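Me: Please take a close look at the nonpolar side chains of this model, and tell me which of them are covered and which reach the surface.

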Amino acid sequence: MSAAAATPAARLTPLVLLCLGLVYVVWGSTYFGIKVAIETLPPLGMLAARFVLAGALLLLVLRVRGAALPTAREWGSSAIVGTLLLGGGTGLVTLAERDASSSVAAMVIAVSPLFAALFARLWGERTGGREWLGIGVGLIGIALLNVGELHATPLAALLLILAPLCWTFGSQWSRHLPLPQGLMGSAAEMLAGGGVLLLLSVLMGERWGAPSAASLWALAYLTVFGSLVAYSAYMYLVAHTRPALATSYAYVNPVVAVLLGVGFGGEQLGPLGWAALLVILTGVALVAWPRRVPEAEAV
């Protein structure tokens, strides 16, 4: 099969649009949710609980409905993807948010579409000219945002750069690994990734204190909406859309994160920052706009 034929078609079906909407809005809000959760919960331990609970619940529901358990080979692939996406991606973001605002975390993660396009080329997939333009416009918007008052410590900034590298590499690799079909893949990845995070939490000596009600509510939201709903929607996008479109959430998430951070978290954003958000949305439009699929690819 040629690389062109292996690349998902660029069709914005109702299901694709629904998944994009969920990933755009829900994951944009999880940055603020993480910030609230780790106020009184250990970062890695909180994530481990989030993903293990979500994965176990989803697995139970699927088994009740008659779905088969993953094979040993599929569990191995799920462990790879879960470790890269949830351990390396979400885990590093959560650690960074101890010293960075939720807004700046979402802004730095917006480099994900660029990394996704680069990693996709490792497997022979192409990125169109308009997609590269959209990525460039989006990055200009991110640069404008970082000129403002939102900053992170050097360590937090490093973690936020490593996070999308892990996430996008794992996302692109997942399209070429023998993963369980449908939602069973999401369940296996969350269980595997949650297990890795739990081990890291123990190795780092994290301790559980008395959590606040706000942190517990944030953990519940992250588990149900951030993991069960949005993560499953994202894995559908990875399997059925172009890399640049699947990762275009990284341009919308900062908008949601900034609005929540400013509205509820006491973070500030000046006129330059608001202008940058408009630039970012322009980049999203360029990346998400359907491209014409040649007849040779459409067959």
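Reply: What follows goes from the nonpolar core to a covered helix, then to a surface patch and the cysteines.

The model is predicted, and the values below are computed from it. Its largest nonpolar core holds 76 residues, and those with the most contacts inside this core are Met46, Leu85, Tyr231 and Tyr234. Taking Met46 as the example and leaving aside its neighbours within four places in sequence, one finds it in contact with Ile34, Ala37, Ile38 and Leu41, with Thr94, and also with Trp208, Leu219 and Leu222.

Helix α6, which spans residues 112-120, is mostly covered, since 7 of its 9 residues are buried. The buried residues of α6 include the aromatic pair Phe115 and Phe119 as well as Ala116, Ala117 and Ala120, and Ser112 and Pro113 complete the list.

On the surface, by contrast, Leu155, Leu158 and Leu162 form a nonpolar patch, whose accessible area together comes to about 270 Å². Of these residues, Leu158 lies in helix α8, which runs over residues 154-174. Leu158 counts as partly exposed because its relative accessibility is 48%, and the class of partly exposed residues ends at 50%.

The cysteines can be treated in a similar way. Cys19 counts as buried because its relative accessibility is 6%, whereas Cys166, with a relative accessible area of 24%, is partly exposed; the cut-off that separates these two classes is 20%. A search of the whole structure finds 0 disulfides.

Note on methods. Residues numbered from 1 in each chain as written. Predicted model: local features only at pLDDT ≥ 70, side-chain atom pairs only at ≥ 80, totals over all residues. Heavy atoms only, no water. Core = buried A, V, L, I, M, F, W, Y, C linked by side-chain atoms within 4.5 Å. Buried < 20%, exposed > 50% of the residue type's maximum accessible area, 1.4 Å probe, protein only. Contact = heavy atoms within 4.5 Å. Helix = DSSP H or I, 4+ residues; strand = E, 2+ residues; numbered from the N terminus. Patch = residues over 30% accessible without salt bridge, like charges linked within 9 Å, V, L, I, M, F, W, Y side chains within 5 Å. Areas by Shrake-Rupley, 256 points an atom, 1.4 Å probe, with all protein chains shown as cover. Salt bridge = Lys/Arg side-chain N within 4 Å of Asp/Glu carboxyl O. Disulfide = S-S within 2.5 Å.
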